[in-house]
Amino acid sequence: MKDGPESTPPPESTPPRLGEPPSADGRRHERRPLQEEHRWNFAGSGGLGTALAEALYAMSGTGAYAEENYERALDALHGYPSEEVAALLQRGWDTLPESAYPDRWGVVQLLTDLRLPTATDVFGTILATPIPPERAPEDAHRFSTVGEEIILRTTAVEGLARLAAQDDAGAVDLLIRQVTGGHRSVQVASVMALRVLGEDAGVDVSILVPEEDQELLRIRRSDVARLPRGYDVDDLRTPGAGAEGPPAPPC
C-alpha cells in the first residue's frame with residue numbers, strides 16, 4: 001500500500017512555450033500578451049506577424065530555455081515563405097521610430113539569424129538609409145545615437161556576409177559596394193567580411209580598397225582569449241592603488 005500520491009516531475013522540468021517566461025519561483029509560466037505585433041507594426045499579418053513578434057520577444061529572453069526558445073522561433077519562421085518574412089521585417093524597419101534602437105536592431109539581427117535569400121534587398125535598404133546627425137546631448141556620457149546607427153549597419157553587414165557565404169552573389173555585390181562608400185565602420189566591417197570570404201566568393205578585396213584606405217587591409221580580428229588581461233576595476237577607479245610608489249626624492 002502506498003503512503004501517498006505518486007510524485008510527478010516538477011513543472012520547471014518542462015520548457016515554457018514561446019511568450020511564457022518563468023514566474024519568480026520558476027514553477028509556473030504566465031503567458032505574456034503579444035503586444036509586440038503592434039510594437040513592430042505586424043498587427044493584421046496573421047500567423048506570420050505573431051511568429052515574428054514571438055521571435056523578437058524570444059531574442060531578448062533570459063534563463064535556461066532562452067536559446068532553445070529562440071531557435072524554435074527561428075524554425076517556425078522558416079515554415080513561412082521567405083519573401084513574406086522579409087517583406088514584413090522590411091515594414092518593421094520602415095515604420096519603427098528612429099529612436100527605437102533596440103527594436104530596430106532586433107529586426108536587423110533577426111534577418112541576420114534567419115539567413116533568408118530574400119533578405120539581401122532589405123539589408124541593402126538598411127545600409128542605404130542615411131545616418132542621421134548626432135542627437136544625444138553633449139553631456140550624455142557613453143551614449144551616441146550615431147553609434148547606435150552604426151551598430152545597425154554593421155549588423156546588416158554581418159547578415160550579408162552570412163548570405164555571401166551561401167553563394168548569394170547579390171550579397172557579395174552589396175558588400176563590395178560598402179568598401180568604397182558609407183561610414184568608416186561599415187567600410188571596415190565589409191572589408192573584413194570580404195577578406196574572410198576570400199576566394200570562395202571570388203573576390204580579391206585588396207584591389208577593391210582605394211589607395212588612401214589601404215590601412216583597412218591591416219585590420220584583423222583578435223581572439224579575446226589572446227588579448228592582454230584587463231585592469232582590475234579598483235585600479236581603474238584608483239590608478240596605482242596597491243602598487244609600490246615611486247622612490248622618495250633625494251634629500
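## A walk through an all-helix model

Val157 is buried, because its relative accessible area is 2%, and buried means under 20%. That makes Val157 a good place to start a tour of this predicted model.

**Around Val157**

Val157 sits in helix α7, which covers residues 145–164. Leaving aside residues up to four places away in sequence, Val157 touches Leu127, Leu175, Val186, Ala189, Ser190 and Ala193. Sequence and space can also be compared here: Val157 and Ile126 are 31 residues apart along the chain, and their C-alpha atoms are 9.7 Å apart.

One of the residues that Val157 touches is Ser190, so let us look there next. Ser190 belongs to helix α9, residues 184–197. Is Ser190 buried or exposed? Ser190 counts as buried, because its relative accessibility is 0%. Besides Val157, Ser190 touches Leu175, Gln178 and Val179, again without counting residues up to four places away in sequence. Leu175 therefore appears in the contact lists of both Val157 and Ser190.

**The whole chain**

Now step back to the protein chain as a whole. How many helices and strands are there? The chain has ten helices and zero strands, so reading along the sequence gives the pattern α-α-α-α-α-α-α-α-α-α. Of the 251 residues in the chain, 38% are buried. The chain exposes about 15600 Å², and carbon and sulfur atoms supply 53% of that area. Among contacts with a separation of 6 or more, 60% are between residues 24 or more positions apart.

**Two helix pairs**

Two packed helices are described by the angle between their axes and the distance between the axes. Here are two pairs to find in the structure.

Helix α2 (residues 46–59) and helix α4 (residues 82–95) pack at an angle of about 65°, and their axes are 11 Å apart. The crossing of α2 with α4 is right-handed. From α2, the contact uses Leu48, Gly49 and Leu52; from α4, Glu84, Val85, Leu88 and Leu89 take part. Sorted by type, these residues are five nonpolar, one polar and one charged.

Helices α5 and α6 pack at an angle of about 145°, with 11 Å between their axes. The crossing of α5 and α6 is left-handed. Val108, Leu111 and Thr112 of α5 meet Val122, Phe123 and Ile126 of α6. This contact has five nonpolar residues, one polar and no charged.

Helix α4 has another residue worth finding: Gln90. Gln90 counts as buried because its relative accessibility is 17%, and the cut-off is under 20%. Not counting residues up to four places away in sequence, Gln90 touches Val122 and Thr125. Val122 is also one of the α6 residues in the contact with α5.

**Salt bridges**

Side chains of opposite charge can pair when their charged atoms come close. The count for this model comes to six salt bridges, and the table shows some of them.

| Salt bridge | N to O distance |
|---|---|
| Arg135 and Glu98 | 2.5 Å |
| Arg162 and Asp113 | 3.0 Å |
| Arg162 and Glu158 | 3.0 Å |

Start with Arg135 and Glu98, whose side chains meet in a salt bridge. Arg135 lies in the loop between α6 (120–128) and α7, while Glu98 lies in the loop between α4 and α5 (101–114), so the pair ties together parts that are 37 residues apart in sequence. Arg135 counts as partly exposed, at 49% relative accessibility. Glu98 is partly exposed too, with a relative accessible area of 29%.

Arg162 meets Asp113 in a salt bridge. This pair links distant parts of the chain, since Arg162 is in helix α7 and Asp113 is in helix α5, 49 residues apart. Is Asp113 buried or partly exposed? Asp113 counts as buried, because its relative accessibility is 18%.

Arg162 also meets Glu158 in a salt bridge. Arg162 and Glu158 are four residues apart in helix α7, so about one helical turn separates them. Glu158 is partly exposed, with a relative accessible area of 33%. Elsewhere, salt bridges that share partners join Arg104, Glu149 and Arg153 into one network.

Definitions and conventions:
Residues numbered from 1 in each chain as written. Predicted model: local features only at pLDDT ≥ 70, side-chain atom pairs only at ≥ 80, totals over all residues. Heavy atoms only, no water. Helix = DSSP H or I, 4+ residues; strand = E, 2+ residues; numbered from the N terminus. Buried < 20%, exposed > 50% of the residue type's maximum accessible area, 1.4 Å probe, protein only. Contact = heavy atoms within 4.5 Å. Areas by Shrake-Rupley, 256 points an atom, 1.4 Å probe, with all protein chains shown as cover. Axes fitted to C-alpha atoms, helices over the stretch in contact; angles between N-to-C directions. Left-handed = near helix turned anticlockwise from the far one by under 90°. Nonpolar A, V, L, I, M, F, W, Y, C, P; charged D, E, K, R; others polar. Salt bridge = Lys/Arg side-chain N within 4 Å of Asp/Glu carboxyl O.
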